[in-house]
Amino acid sequence: MAKIPVVAIIGRPNTGKSTLFNRLLSKRVAIESDVPGTTRDHVVSHVEGEKIDFLLLDTGGIGGGSADKEMEKNVEKQTLLAIEGADLIVFTINGREDLTASDHIVVDLLRKRRKKHVPILLVPTKCDNDEMKEQAELQYLELGIADAVQPVSAFHGMGMWELREEIDKRLLSQNFTKQKREETDESAPPRVAIIGKPNVGKSSFVNALMSDAQRKTSPRIVSDIPGTTRDTTDTVIKNEGRDYVFVDTAGLKRQTKIEEGIETFAMLRSIQAIEQAEVVLLLLDGTEEISKQDKRVANIAIEAGKGLIILLNKIDLLETERKKEKLVEIEVAFQFARFAPVIPCSAISRENLVKVFAVIDKVRRNRLRRIPTKELHRWLNDVVQGKPIGALHTSKHITQAEDPPPTFVLFVRNVKLVPAQHLRFLEKRMRDSFDFDGVPVRFVSKGPPPEKD
C-alpha cells in the first residue's frame, strides 16, 4: 500500500494556520483564536480527495508571540520536526500585515531544515479581496522560498479551491498516489501496524515474532535509545505457512537533540502506519504508566476503523500481583476500547507470542465479516421488541455498508429522533449476538430509502 503523504502548515503565530487547517478539513478541529500561540501542539487529520489523500498537520507558531517562553521554545522545536518530516509545506503569512522579523526567521529555517525535494506553497492568509491577492502574489514571490504563492481568506472560504488544487498538484508530482480502496481478500497477507511510544520494545517484539532463521538474516535494530528505528519499515513474517506484514513505526529520521519532539514525531509516524494497516497492535510497556499518547493512538486506530489489539509487553519483569493490577489499569484506561483483546506478553521471554498470530487472524476476520440482510432484519426485530427505544421501532430496513469496519445503516422515519445512546445500545446488542472482538462497530441512522419504481 502506498505511503500517505504529510502536508504541514507552518508559520509564525497568528497567521491563521488553524483557521486554514479547519477550512481544508471542512470541520472545526484546531482551536482558532486571535491570541498568538493558541495552538500548543500538532493536530493531525486525514484529508480525503478525488485525486489524492494526505495527512494534514497543524503546528504551533515559530518566531515568538507568546508570553510563555518555555512552552514557546518547546512548540518551536516540535515544529522543526514537522518541517523535517513533511512531504509538502504550506507556509502561512498574514496578508494584512507587512513581513515581520518572525516571518524571516521562518523563511531561514525552511531553507535550512526542510528536505530539498519538498515543495513549499506560500499562502498569504486573510486576503479578502482581489486587490489584496494581487499585491500578495507580487510581494511574496520575491522571498524566493516558495514554489507557488496562493493567497486565501480561510475565514471566508476564498481561494480554498485553488489552494487544494495546488496541494494535489504538488503531491502528485512527487509520485504519491490516491489510496486504493482497501482489499477485502482474506487470503492476502494481513497488514499489521505495531504502534507504541519510543523505546517501548517494538523492534524487539518484531524480532521475537521471527523464526530463528529469519532473525539471523534480517533482525530489526534494537537499542535502549528512543528513536532508533529511523523510518517506517515493513517486515514479512511467516507463521504456519502464512505471511504477515508487520509495519514497525519510525522514530527520528536523523540525529537530533530535540528530545521534547520525539513523542510528537512518533505520533505522526504512527498515524501513517495506522492508515496503511488493517490491524493495529498497541504495544504498552508493563513497567511504565499508561500515557495520554497510548490512549490517543488507540482512539486514532478506532476512528480509522482498524482492528485493535493491546499488547502488554515486558510482563516477565512483573510479579503476579502487579500483572493483575496492570490488567485492571488497562481496563480502566481503555474503557472506550473494551472490545480490544489484551494479551500480556514478553518480547524477551517470548511468553504468549504464539497467541498473537491467532488473535490477528480473528480480528481481521471480524473486521471483514458480513451479515446477510435477512439475518440483520431478524436480529433488529428481536432487539427492538418491547424495548423503550422510540424511533427505532419505526425502522423498516437495516443493511451493512460495503467497506470495513462493520458499519450498519439503519433507515428510520426521522433521524433526529434517534439519539446517540440508542445507537450505542444497538452496538452493544450486536456485540452480544455476533463475534466482533477487536473491531469497531458503527451504526448510522438515515432517512427512509427511496421508493422503488
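Here, a residue counts as buried when its relative accessible area is under 20%, and as exposed when that area is over 50%, with partly exposed in between. Keep that cut-off in mind as you click around this predicted model.

**Stop 1: Asp-285 and Lys-314**

Select Asp-285 to start. Its relative accessibility is 6%, so Asp-285 counts as buried. Now add Lys-314, which is partly exposed at 22%. The two side chains meet in a salt bridge, 2.9 Å from N to O. Colour by secondary structure and you'll see that Asp-285 belongs to strand S10 (residues 279-285), while Lys-314 is in the loop between strand S11 (307-313) and helix H10 (320-333), so the pair ties together parts that are 29 residues apart in sequence.

**Stop 2: helix H9**

Next, pick residues 292-303, which make up helix H9. H9 has 12 residues and runs 16 Å from its first C-alpha to its last, close to the 16 Å expected at 1.5 Å a residue. Which residues of H9 are buried? Show side chains for Gln-293, Asp-294, Val-297, Ala-298, Ile-300, Ala-301 and Ile-302: those are the ones. As you look down the axis, remember that an α-helix has 3.6 residues a turn, so residues three or four places apart point the same way. After H9, stop at Gly-305, where phi is positive, near 80°.

**Stop 3: Arg-242 and Asp-361**

Jump to Arg-242 and bring up Asp-361 alongside. They form a salt bridge, with the closest N and O atoms 3.2 Å apart. Arg-242 sits in strand S9 (residues 242-248) and Asp-361 in helix H11 (residues 353-368), so this contact ties together parts that are 119 residues apart in sequence. Is each partner buried or exposed, or something in between? Arg-242 is partly exposed, at 27% relative accessibility, whereas Asp-361, at 15%, counts as buried.

**Stop 4: Lys-362 and Asp-437**

Stay on H11 and select Lys-362, which is partly exposed with a relative accessible area of 31%. Its salt-bridge partner is Asp-437, and their closest N and O atoms are 3.6 Å apart. Asp-437 lies in the loop between helix H13 (420-433) and strand S15 (442-446), and Lys-362 in H11, so the pair ties together parts that are 75 residues apart in sequence. Asp-437 is also partly exposed, at 39% relative accessibility.

**Stop 5: a charged network**

Finally, select Arg-322, Glu-325, Lys-326 and Glu-329 together. Salt bridges with shared partners join these four into one network. If you'd like to keep hunting, a search of the whole structure finds 20 salt bridges.

How values were computed: Residues are numbered from 1 along each chain as its sequence is written. This is a predicted model: local features need pLDDT of at least 70, side-chain atom pairs count only at pLDDT 80 or more; totals for chains, interfaces and linings use all residues. Side-chain values use heavy atoms; hydrogens and water are left out. Helices (H or I, at least four residues) and strands (E, at least two) are DSSP runs, numbered from the N terminus. The expected span of a helix is 1.5 Å times one less than its number of residues. Buried means under 20% relative accessible area, exposed over 50%, partly exposed in between (1.4 Å probe, protein chains only).
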